[in-house]
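Reader: I am new to this structure and would like a close look at a single part of it. Please choose one strand and describe what surrounds it.

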Amino acid sequence: MLMVWDPPKRAKNLLSPPDGHGRDFADARDRFEWGSAMVVPSHPGKDGNPRFLAIGVLDGDLVALVFAPLGTEAVSAISLRTASNRERRAYVAQSEA
């Protein structure tokens with residue numbers, strides 16, 4: 001899947017916590033495992049457009065990727081971080097169902 005992002009947003013996301021999440025959108029573009037990801041609706045953006053949360057595996061780690069769809073074949077990365085405990089439980093429950 002084609003993934004794009006805003007360069008300043010990527011730079012901020014790359015920063016170590018607490019200023020960022022220490023993750024690179026380019027890694028998700030290349031290696032996020034969409035086939036096993038759990039995708040759920042998220043809060044809409046400031047512009048009112050829909051956003052989604054994908055919880056899935058990236059390089060062996062469970063991560064949370066917030067994205068906005070761009071048509072049917074691309075997404076815009078908004079945030080990429082380590083999955084929270086709640087997100088981990090939801091992912092495990094979904095994969096066991």
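Author: Two strands pair if DSSP finds at least two bridges between them. Strands (E, at least two residues) and helices (H or I, at least four) are DSSP runs, numbered from the N terminus. The model is predicted, so local features need pLDDT of at least 70 and side-chain atom pairs count only at pLDDT 80 or more, while totals for chains, interfaces and linings use all residues. Residues are numbered from 1 along each chain as its sequence is written, and side-chain values use heavy atoms, with hydrogens and water left out.

The part chosen here is strand S5. An open sheet of five strands, with mixed pairing, has the order S1-S5-S4-S3-S2. Its edge strands are S1 and S2 (38–41), each of which pairs on one side only.

S5 covers residues 74–82, and seven of its nine residues are buried (under 20% relative accessible area with a 1.4 Å probe, protein chains only; exposed is over 50%, partly exposed in between). S5 is therefore largely enclosed by the rest of the structure.

On one side, S5 pairs with S1 (residues 2–4) in the parallel sense, over three bridges. The bridge partner of Val-4 in S5 is Ser-76. S5 also pairs with S4 (residues 61–70), here in the antiparallel sense and over eight bridges. In that pairing Val-66 stands opposite Ser-79. S4 and S5 form a hairpin with three residues between them, and Gly-71 in the turn has a positive phi of about 75°.

S5 also takes part in the largest nonpolar core, a set of buried Ala, Val, Leu, Ile, Met, Phe, Trp, Tyr and Cys residues joined through side-chain atoms within 4.5 Å. This core has 15 residues, and those with the most contacts inside it are Met-3, Trp-5, Phe-32, Leu-65, Ala-77 and Leu-80. Helix H2 (25–31), strand S3 (52–58), S4 and S5 each supply at least two residues of the core. Leaving aside neighbours within four places in sequence, Leu-65 is in contact (heavy atoms within 4.5 Å) with Met-3, Trp-34, Phe-52, Leu-53, Ala-54, Ala-77, Ser-79 and Leu-80. Apart from the largest core lies another, of 11 residues, among them Met-38, Val-57, Ala-68 and Ala-83.

Further along the sheet, four bridges join S2 to S3, and these two strands run antiparallel. Val-40 stands opposite Leu-53 in S3. Helix H3 (residues 85–96) packs on the sheet and touches S2, S3, S4 and S5. The direction of H3 makes about 80° with that of S3, where axes are lines fitted to C-alpha atoms, for helices over the stretch in contact, and angles run from 0 to 180 degrees between N-to-C directions.
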